[in-house]
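Dear colleague,

I am handing over the structure below, followed by notes on what was found in it. Please read the notes with the coordinates open beside them.

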Amino acid sequence: MYKIINQLDDTIEILIYSLIEGGYSANRLIQTLATVPVDTPITLRINSDGGDTFEGIAIYNYLKDRKVHVVVDGMCASAASIIAMCGKPVTMNAGSMMMIHNPMTYAFGDHEEMSAALEVLGKVKENIIDIYEGKTGQDRAKLSELMDAETYLTAEDAMKHGFCDEVMSATQSSPEPEAIETLNESKHTYEDGVRAERERLQGLDDLYTPERASAIHAAK
């Protein structure tokens with residue numbers, strides 16, 4: 001889920017260039033950083049389509065009181081955008097984008113279970129808005145509208161709405177070749193993870209019977 005590409009005595013650079021996996025991503029990252037002094041500056045580089053909401057929230061909460069400079073290198077979507085809100089500052093590189101949307105879930109059952117799922121989604125949305133509001137200072141109703149619309153923000157749009165603090169122009173410095181090679185390796189890891197997750201979900205669908213519906217839903 002993440003990769004440390006630079007770790008010196010006085011700074012650490014981390015990539016999130018992959019899926020944010022439930023029950024895994026936050027634990028691994030937090031265990032790694034537990035040995036890093038809390039006053040160590042962190043550069044957190046993001047290129048992720050997102051993933052598990054609560055993993056993103058856990059990472060955000062762990063990092064928000066540390067010295068974190070978030071740099072968006074490509075896409076910063078969904079749960080990844082939640083993590084990005086820990087940045088002080090948040091920098092978006094040329095051509096990068098941020099996407100925010102409403103939380104989603106799987107649901108199966110009668111109208112009572114559907115109503116309960118809707119209630120939970122509403123609460124999760126309000127929690128996400130709390131985080132966005134803390135960074136952007138935007139009105140909650142406006143943030144809700146942006147989430148409803150599944151909004152893709154260019155770097156300039158993100159800065160306008162307060163999601164980022166600066167935009168890096170295309171003429172400014174690029175990563176060193178060694179760093180680019182590491183990023184490409186991380187991209188392949190991400191793609192492998194997405195493929196494996198799709199195969200897992202398809203395998204569960206192939207096992208479907210009405211009697212197994214509840215168990216399959218829980219597994220998903």
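**Helix α4 and its surroundings**

The buried residues of α4 (buried meaning under 20% relative accessible area, exposed over 50% and partly exposed in between, with a 1.4 Å probe and protein chains only) are Ala 117, Val 124, Lys 125, Ile 128, Ile 129, Ile 131, Tyr 132 and Thr 136. This is a predicted model, in which local features need pLDDT of at least 70 and side-chain atom pairs count only at pLDDT 80 or more, while totals for chains, interfaces and linings use all residues. Residues are numbered from 1 along each chain as its sequence is written, and side-chain values use heavy atoms, with hydrogens and water left out.

Helices (H or I, at least four residues) and strands (E, at least two) are DSSP runs, numbered from the N terminus. Helix α4 covers residues 111-136, and its 26 residues reach 37 Å from first C-alpha to last, close to the 38 Å expected at 1.5 Å a residue, where the expected span is 1.5 Å times one less than the number of residues. The cover over its buried residues includes α2 (53-63), α3 (79-84), β6 (97-100) and α5, contact meaning heavy atoms within 4.5 Å. After α4 comes Gly 137, with a positive phi near 75 degrees.

Asp 148 belongs to α5 (residues 140-148) and is partly exposed, at a relative accessible area of 49%. Leaving aside residues up to four places away in sequence, Asp 148 touches Asn 102 and Lys 125. The C-alpha atoms of Asp 148 and Ile 100 are 8.7 Å apart, although 48 residues separate them along the chain.

Best regards
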